[in-house]
Amino acid sequence: MFLQRFVSAVALVSVLSAAQAAPTSLKPIVAANLALPAAPQLKDEDFSRRSRLREVKLSPDGAWIAYFESGEKNASLKVLDVATGEKKQLLADIGRAQLHWSTDSQALFVDTGEALSVVGVKDGVSTRIAAFDRKLQQQFIDVDVRRPRHALVSEFDAAAKRYRLSRIGADGAGEVLYEGPKKLIDFLIDGAGQVSFIHTLDDDYRHLVSRKQDAKWTETLRCKRLQSCQLVSASNDGRVLTMVLNEADDRKSLVQLDMPGGRRKVLHADPDALADLSQVKLSPRTGEPLFAVYDAPRRHNFGLTAPAKQAAGDIARRFQDASISVSASEDALRWLLTERSARLTQERFWLYDRKARSFQQVFEQERALGNPVPEQHLARKSALDYRASDGVIVHGYLSLPPGKDAAKVPMLTMVHGGPWGAFENDYQSLVQMLVNRGFAVFQPNFRSSTGYGDKYMLAPQSDFGNGRVQADIIEGVRWLAANGVGDKNRLAIMGDSFGGYSTLQALTHTPQLFQFGMATVAPTDFGRTMRNAAGGPGTQGDLPLALHLREVGVDLNDAAAMKRVTDSSPAANAGKVTRPLMMIAGAKDPMVDIAAITDYVATLQAGGKPVSLLVAPDEGHNLRKPLTRQAYLYLLMKMLEQHLGGPAVPAPDTELAKFLEQTMKANGALPATAQKVALGQ
Amino acid sequence: MRDLFMSECRRFRNAALIFAAIHLALQLFVSRLSDILQMRWEQQVVALALYLASGFGFALYQFGTYRQPSRWLWLLHRPMPRAAIFGAITMASTALILFAVGVPALLTVLSKAYLGELTVDTRHYLLVAHVVLFTLVAWLAGAYVVLSRSRFAAVILVLPWLMLAHLASGRAMLVPALLCVGLLAYLVYTVFKPNRLGPPETAVALAANAIPLQLGFYFAMLWAGSVTYQYGQMVANVHPLNRAVPPAGAFIELTRSSGREAFLQGLKESNDPRAAQWRRQVALLDVADIEPAGRQYPVRHQVSNQDMLQLEDPTQHIQWTFSHDAMRFHGRDLYTNAHRGWIGVRGLGDMTPFAGVPVLVKHGFMTPQQFYAIDPNAKTQRQLIALKAPETLSGATREIGGRLYALTNHRLIAYDKPVDADAMLVERFSVALPGPFSDLDRIDIARLLDGTLLSFNAGRQMIQGASDSAQTVMFVDDAGKAAVVARRALAHDFPPLFEHKEFWLSPVLQAIVALPDLLLDKGFILDKGLAAYSNPLQRTRPAPVLAAALICTLLAACAAWLWLLPMAIGARRKAIWIAASLLVGLPAIPSLMLLQPRPPRPLRKSIDATAPAAA
């Protein structure tokens, strides 16, 4: 039964994908790249230098742009008068905080996570209106667009097991809008300022949309687990509801529902029939949708009103290779555009004049002070489509060193974690650093990746052994190599979490393809890791992991499917590994048991395999500490130097050398001469 | 007698008044700095030392002034019995001590109870009684030292130390304190005689003097011998604790090794086919450990404090102090001193008393059988662990490899991390300690993929002569089944004669010294199956040690015989001394020399020999 469903699902996806897309022709990409001037070698720190500007936000009336500007030691809150171009400082010495404009554009909400303050734009007077009680999990949710200067705050009373949503005014006065036993995922506020629709999970973790009628919540709509059920807007009478839903159990689209019958009408879906709707930009004044935004494989903004459509067209023509976020409002004459791309280490900001249909860059001076890397020195990220052996089109990205012959450069395959996640067309410091050091970087969005519709995401079901998912990755590498990208003798693979697992799979089942692998926080047996994680404590009110896995096709109780995964796992096939392997693990990883990694490494050592292991103390599943990140980069560069002929890596500084000495538990993957350097000896 | 009593009181009246005033002022001053009744015993012992010094110094001065022959004769040659003279002076001194020491201490306790609303229990009134008794003991010891014929009589101080230095219940400790006062009073009486230089007159007096002195010399010989031996080892650079590398395969090496090193060392001895893989894994893992956080719990009504059982709530300005009478925490407002309620077993406002005096640990309280976690926000406690007596917790839980571990005197218990915050911990597995708890140094824990490796590192009692100490490595599989996979017998750091020195020097005195630990409940965490913390009589002694003990007793008997040979004393007394030396061993000899001195050599012969010939 399972197999039949699986085969039919794969077949359906195959037909759909084959019909919708064709493999990318690599020749123009390779040729265009070769024509580019070669980039100079940049310093490591150039790739991680942050912008001086944060939280750049346009006021709803379009008169002001508020932003944080970081100095040498502290950050200040400033506003730019859009009409005159004058800037003024409202507050100095601001720590980490988020900014939100009040609906009347006269004040800013500053949310520090611990407290909420309101700052007057004209006088800069700051008033704390709420101190968040951590015990009650109080947090800022949004600005209340139905009131001039009000914020919405949520809390959870664990003792009473009650969730609350409250409105807080600029004078600090509060008003409870919702109280109930269910956690609010979404809600809509009607013209009278009352909560009209709520989106919760029922006792079986299914999405439930309810409408308030006669002071009671009445069920309006149910959505399947894991599918989108996002509330966007509602008509004043509550009879027309706009939501983001998975259309035909596949891609997320903007859908209008007529109540009470629930008749559906798709307002907007990806015209290329490829991507999920990633977000809907709303009017800050009315809450009505203005733009539909799609991010796969690159960002497209589609206007939903006449002015928005005009702007979207202008933006698409002006910024062909960039991801633009639009801050728009019906009242504003000029809209704020935030430009991001794979080649921008720091964002650029533009004002779009709706009448003149022109673009004017703002904050050029502040951006220049941040010393961003010139974009011509960085690599383009080319979106790829390639056909897998079962005929399905698989997606991904390729970054090539500018001015280099793609066939002669070593290539690193980077596998994303999740596996229910995806690479995007954005700036990634590690990718750009690797490209700058002369490596091509392939980032496959194999089946199970998100952003391409649920059918693409769910296609593998539980085939996470040496099966469909792994084949998507390996076939992508072979397709590139066969089509003149990457030196076949200088290939490597790396990844974190599931990406690390895939790396181990690659070294196990395709032992001659890659010269080395680098696996970080990597499960050595996917089934075992999922079982352990599913047995741990979940988050209050959220879908338990075991149920989540079942929804994505991984049934931990399906012994046959789990056996297939385990039988082909790296842990069960350690003897097949021949190429050097670098592993990094977190000593306190709640997802991947450190004992599983040490057991695997010990088994490899027993077989005389070249394996290295760094165990980072006090790190969990995400390596966050700067020193650990430094060690990660250093070891990757060292592996590239030793096994792919990468550039020489300077010796680590004293602090890093000491850290490596303390945390490197095994070091067989780096030849003896390198070990001394790696260990700071 | 009354006149002598009054005259002695008058003699020290001014000194007692000044002492009492200074004493009261000091108490008030220290009270402003800290709650002296709740101080840790290490801090209170400083005050105790001052009381002891005062009592001892008082006796030295008092009898020092009488010690001159003329004054001594003047004192004793009164028309009244010796006992009455001694009684009058002792009662006068006791009254002075009561006035100068007892009254200010009692006033301080009363002021705390009725003026400051501080937590004052019955034990604090008992503390006043003990302070008076300690000072009296010091006075009696001082009197004995100053009236004895030899300065070596100072070893008598070992007696109060042996009898009174115990953190047991204040009520129970009244018995040894009164016994000590009685014994010392009798001892002082035996030397309170016209001929201070003469030996004890009766057999009872002889025994009463001999036994404490023998105990004193026992300790003196032990300490002097031990220090000399160890100093010699250090000079020769062979002292196990002092040399660069400790002896291989012995306890010091094991206790200083990291968990990883200990596992690698232990697994060397394993015949298990999985041992090689474990050794490789242990080298890659961070090994954690758990060890007994303490070896002793506070005892209810003990007069001093093992730890300061006080908590402060800075938000509510409340100080919570544990009351031994109520067996709950008593709340006091830090600003107004007003009563602010109680914390019982279930938290704020609960009146259920704790089963035992708790110990404060990280995020909770611990009693011998219960562990409670504190929720600082909700101001509640929830019981996480409940054991059945006599199994006793030796510390708080410790999180290792995603599990919580608790060490008791019987087992190492592993619990699953709780999913429900209000639930008791659920036991995943437990492993019985492979040896006595008192011998356990620490347990190394390495979480593996398919189970857990444990290394029980013993050997703490080897320095006390424990035999069969070993490192035991166990593997506990995922089902919780434990199996020994390696056992490594530990070599001894010191030679057996050093480790068993307390025994062979005098088996009898060693047993007497152990008596307080056997008789008093001092809150020690006991080994499984034992009713007392330490029972040296049950310890196995190697043959060389037994031989050394025998040789020592024979030597002592011979020495006694030789010492007594030229003396003109009765055969019965000689026989008693030789038998006592045979029983007690070498420490009997100095006591014999002190109590049964040889008569001074006659001077006439030498005078004759050196006198010029008559013309």
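The largest cavity in this predicted model has a volume of about 150 Å³, and the structure holds six cavities of 30 Å³ or more. Sixteen residues being too many to name here, those that lie nearest the centre of the largest cavity are Ser148(B), Arg149(B), Val191(B), Asn209(B) and Leu595(B), out of a lining of 16 residues. Within chain B, helix H8 (170–191), helix H9 (203–235) and helix H18 (588–595) are the elements that give two or more residues to this lining. By residue class, the lining of the largest cavity divides into eight nonpolar, five polar and three charged residues.

A second site worth describing is in chain A, where Asp104(A) sits in the loop that runs between strand E5 (98–101) and strand E6 (107–111). Asp104(A) has a relative accessible area of 23% and is therefore partly exposed, since buried would require a value under 20%. When residues up to four places away in sequence are left aside, Asp104(A) touches Pro148(A) and Arg149(A). The polar contacts that its side chain makes are set out below.

| Side chain | Partner side chain | Distance |
|---|---|---|
| Asp104(A) | Ser102(A) | 2.5 Å |
| Asp104(A) | Arg149(A) | 3.2 Å |

Arg149(A) thus appears both among the residues that Asp104(A) touches and as a polar partner of the Asp104(A) side chain. Ser59(A) stands 45 residues from Asp104(A) in sequence, while the C-alpha atoms of Ser59(A) and Asp104(A) are 8.5 Å apart in space.

Definitions and conventions
Residues are numbered from 1 along each chain as its sequence is written. Chains are lettered from A and ligands numbered from 1 in the order in which they are written. This is a predicted model: local features need pLDDT of at least 70, side-chain atom pairs count only at pLDDT 80 or more; totals for chains, interfaces and linings use all residues. Side-chain values use heavy atoms; hydrogens and water are left out. On a 1 Å grid over the protein atoms alone, a cavity is a set of points where a 1.4 Å probe fits but cannot get out, and a pocket is an open set with protein on both sides within 12 Å along at least five of seven lines; lining residues have an atom within 4 Å of a point. Grid points are joined across faces, edges and corners, and a volume is the space filled by probe spheres set on the points. Helices (H or I, at least four residues) and strands (E, at least two) are DSSP runs, numbered from the N terminus. Ala, Val, Leu, Ile, Met, Phe, Trp, Tyr, Cys and Pro count as nonpolar, Asp, Glu, Lys and Arg as charged, and the others, Gly among them, as polar. Buried means under 20% relative accessible area, exposed over 50%, partly exposed in between (1.4 Å probe, protein chains only). Contact means heavy atoms within 4.5 Å. A polar contact is a pair of N or O atoms within 3.5 Å; within protein, one must be able to donate a hydrogen and the other to accept it, and residues adjacent in sequence count only if both atoms are side-chain atoms.
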